[in-house]
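Student: Could you take a close look at the surroundings of the ligand, and then place them in the rest of the chain?

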Amino acid sequence: MSNFLWGAQGTEDLDRAILAFTAGEDVVLDRELFVYDLTATAAHVRGLSRIGILEEAESKRLCELLETLRQAFERGEFVLDEGFEDGHSAIEAFLTEHAGPLGERVHTGRSRNDQVAVAARLYMRDRLGAIARDCVAVARACLEQARRHEFAPMPGYTHLQRAVPSSVGLWMGGFAESFGEDVAFIAAVLELLDACPLGTAAGYGVNLPLDRDGVAAELDFARLQVNPLATQNARGKSELMALQAVYHPMQDLRRLAWDLSLYTTAEFAFVRLPARYTTGSSIMPNKSNPDVVELMRARVATVEGALHEIQSVLSLPSGYQRDLQLTKGPMIRGLQAAATSMAILPPLLDGLEFDTGRMRDAVSPDMFATDLALEIAASGVPFREAYRTVKEERASLADRDAVESLRQRTSPGAAGALRLDEIEARLDAVAAPFG
Ligand code: ARG
């Protein structure tokens, strides 16, 4: 018996090298999409029964078999491998094996083109939801550290040169705000992706009164992808949107990872990582290396590479082209890289130990120059004149007492400038859709 829906009579008909080239890698990737394909297939089957193409009992039987297949797949008893051209064919083959001609009716009114599009959308929706939840947890962990050390002074750097006094609250509160913004961005992309492709078939619709709205509602989509050709043209574009959604938190994560790898050096020694996030050296007994944050930082490359790969594939005319299959691998790889990196971050942040003494000592008196100039300017002197005065009389900054009194008056956060409550309120609002 052939497993190929389009009629090839067994693998002997097909050049094995060609088959490996067109489908070999893809069917393995379909393992990631398989349960989503099964869910969408069940919704399609119930839709067919609502328009009288399947009897109620036939629809029930097919849905039971789809559930059996899901369980067998999850237990590892059903293996999706090169014996099938893809996950879509595997579903029809299983149904046909167990229900004969009834199984062969499952593909009425659909194409693998809308089938793969819906499975990919359901997959992306799940992944993005999980990444958004982790992103909220990251933002909350940053906020927690900001609160714990709200007024702990540390240097604020520009150009990596000491600039002005800052605080742990300001540094960590900044990341809380950024990751909160990323959650809102993911939510916006999820809203764009919240439209159901099923029922558009190969890209030109079908001459059947499919219950598209009912199927979309059952799959929890807010609306339809209306135009069938636009639906196929959105393949790859949707995947790009999903990767762009996770790119922003990954970029923030890269910046945070950079800060941590810098601040954990012996030269800075502002921060210690929890021991379980460091590794030793095979040759240098003295080493404790921040491999985890380095690998987080490097995983941004996987997301960037995935974005570039899909952008390159999408140089296409209208409608389905097999090229689109090659958007699947980078989409899955990119989302997995983001998911694993974001998931590991909250407990790491929670376990950070700050050497607040070292941080305070790194705030040298000359870093109060700007505060001093502003204090003079506030008394009515033009700022440029105040600037020159301080620049010329920097010696006054060596006066420990004067600096100490300035520090008391202007320490970051002392005037409530950090507004951590405001950052938290905004975070609560953007986190709400993610439970
Ligand atoms: N593996 C294919 C993909 O990801 C499924 C759709 C196949 N459609 C086709 N007309 N050959 O694009």
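Tutor: Happy to; the ligand shell comes first, then the chain around it and a few places further along.

This is a predicted model, in which local features need pLDDT of at least 70 and side-chain atom pairs count only at pLDDT 80 or more, while totals for chains, interfaces and linings use all residues. Numbering starts from 1 along each chain as its sequence is written.

Around the ligand you will find Asp-26, Asp-86, Arg-112, Asn-113, Val-116, Tyr-320, Arg-322, Leu-324, Gln-325 and Lys-328; a residue qualifies if its C-beta atom, placed from the backbone, lies within 6 Å of the molecule. By type, five of the shell residues are charged, three nonpolar and two polar. Here Asp, Glu, Lys and Arg count as charged, Ala, Val, Leu, Ile, Met, Phe, Trp, Tyr, Cys and Pro as nonpolar, and the others, Gly among them, as polar. Helix α4 (residues 112-148) gives the largest share of this shell, three residues.

In the chain there are 15 helices and six strands, meaning DSSP runs numbered from the N terminus (helices are H or I, at least four residues; strands are E, at least two). An unreviewed UniProt entry lists residues 28-304 as "domain: Fumarate lyase N-terminal"; its positions are in the numbering used here, feature names are shortened, and annotations may be inferred rather than shown by experiment. That span is 62% helix and 7% strand, and its end C-alpha atoms lie 23 Å apart.

As for overall shape, the C-alpha trace spans about 90 × 55 × 40 Å along its principal axes. The radius of gyration is 29 Å, whereas a compact globule of 435 residues would have one near 22 Å (taken over C-alpha atoms; the globule rule is 2.2 Å times the number of residues to the power 0.38). Of the 435 residues, 40% count as buried: 20 or more other C-beta atoms lie within 10 Å of a buried residue's own, 12 or fewer make it exposed, and anything in between is partly exposed, with C-beta atoms placed from the backbone.

Further along, helix α12 (residues 369-378) has Asp-371, Leu-372 and Ala-373 as its buried residues. Ala-369, also found in α12, is partly exposed because 18 other C-beta atoms lie within 10 Å. Its C-alpha atom is 9.9 Å from that of Pro-165, 204 residues apart along the chain. After α12 comes Gly-380, with a positive phi near 110°. Glu-385, in helix α13 (residues 383-392), counts as exposed because it has 12 C-beta neighbours inside 10 Å.
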